[in-house]
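Reader: I'd like a quick walk through this fold before I get back to the bench. Can you take my questions one at a time?

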Amino acid sequence: MPELMSRPASDSAAPLGLASSILWKAFAVLDAFDQNSRQMSLAQIARRSGLPKSTAHRLLGMLGQLGAVERDGDRYRIGLRMFALSTCSLEVALRDVALPHMEALHRVFGHTLHLAVIQGGDVVYLEKLRSRSALPLPTVVGGRLPANLTGVGKVLLAHSPEAEVEAVLAGPLGGRTRNSVTEPVALRRVLRRVRELGMARDVGEAVDGLACVAVPIRLAGKVVAAMSVAYPAAAGDGQPLVNPLRETSAAISRALERATGSPAVRN
């Protein structure tokens, strides 16, 4: 399977020229939308994209003709064509393969399960099966969190190419709680331990009172995703969750092998 969610080019690497400028601005408009802002006015889109209102209006017209954006009165939303295109991504294929196995584990634990990949210094959540408890979580499908704050992020960083790890360690490393690992030396030590154990823990590093354990999902010897189970930190170190999580990860790897024809590697 080709690399999932490969790192995007930086702004400094953006090509020059009118056509490319329009393309970058069009994506600035599309990036203005998120899970908390699904429908917006022209003024909101212009403000969130950082574009002049006239430019945002012109680009919305072009995107509307392509079906990438749809208009409802004086508000805009992402169009159905974008959803159709998104289903072609390898991340969606991975999510489809993993979901039945995650659902089976969720029926046993009842805790929140996450499936994620990495992009740059962030993890991107492909799937989330919610806990039966009311424990608040900052995660949404398609959303991001800094990799250094999460179990899945530590797993993915620990198995990322050295150049990408160094770019993340160069910082800044954001924190959300007093337990967040924000020092490069400390994070490097954590990642080394993750590689030794084949798993990662997060204890109140993204959310106070929330813990998780995470394991890699491998294909052809390469970590392509990570999966975690989140639970109240007061419940303990989560050790009883590790083996079932690993067994589910191994099952997902075997399913990926069948789906792609690549050899799976045991976790």
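Author: Sure. Helices and strands here are DSSP runs, at least four residues (H or I) for a helix and at least two (E) for a strand, numbered from the N terminus. Keep in mind that this is a predicted model.

Reader: Then where does Ala-220 sit?
Author: Strand β8 covers residues 210–219 and β9 covers 222–232. Ala-220 belongs to neither run; its place is in the loop between β8 and β9.

Reader: What is the phi of Ala-220?
Author: Most residues other than glycine have a negative phi. Ala-220 goes the other way, with a positive value near 55°.

Reader: Is Ala-220 buried, exposed or partly exposed?
Author: Buried would need under 20% relative accessible area, and exposed over 50%. Ala-220 has 47% relative accessibility, so the label is partly exposed.

Reader: Which peptide bond is cis?
Author: Most peptide bonds are trans. Look in the loop between α7 (162–169) and α8 (184–197), where you'll find Pro-172. With omega near 0°, the cis bond is the one from Gly-171 to Pro-172.

Reader: How many residues of helix α6 are buried?
Author: This helix runs over residues 151–158 and is mostly covered. Even Lys-154 is on its buried list, along with Val-152, Leu-156 and others. The count is 8 of 8.

Reader: Which residue caps the N-terminal end of α6?
Author: Look for a side-chain oxygen 2.8 Å from the backbone nitrogen of Gly-153. That oxygen belongs to Thr-150.

Reader: Now the inside: which element gives the most to the largest nonpolar core?
Author: In soluble globular proteins, nonpolar side chains tend to be buried together. The largest core here has 30 residues, and Met-102, Leu-115, Val-213, Ile-217 and Leu-256 have the most contacts inside it. Elements giving two or more residues include β4 (112–119), β5 (122–129) and α9 (239–260). The top contributor, with 7 residues, is α5.

Reader: And how many residues are in the other core?
Author: This one lies apart from the largest core. Among its members are Val-155, Ala-158, Val-181 and Ala-226, and Val-155 and Ala-158 are also buried residues of α6. The core has 23 residues.

Reader: Zooming out, what share of the chain is buried?
Author: The chain has 9 helices and 9 strands, and it exposes about 13800 Å². Carbon and sulfur atoms supply 55% of that area. Of the 267 residues, the buried share is 44%.

How values were computed. Residues numbered from 1 in each chain as written. Predicted model: local features only at pLDDT ≥ 70, side-chain atom pairs only at ≥ 80, totals over all residues. Heavy atoms only, no water. Buried < 20%, exposed > 50% of the residue type's maximum accessible area, 1.4 Å probe, protein only. Polar contact = N/O pair within 3.5 Å; in protein donor to acceptor, adjacent residues only side chain to side chain. Areas by Shrake-Rupley, 256 points an atom, 1.4 Å probe, with all protein chains shown as cover. Core = buried A, V, L, I, M, F, W, Y, C linked by side-chain atoms within 4.5 Å.
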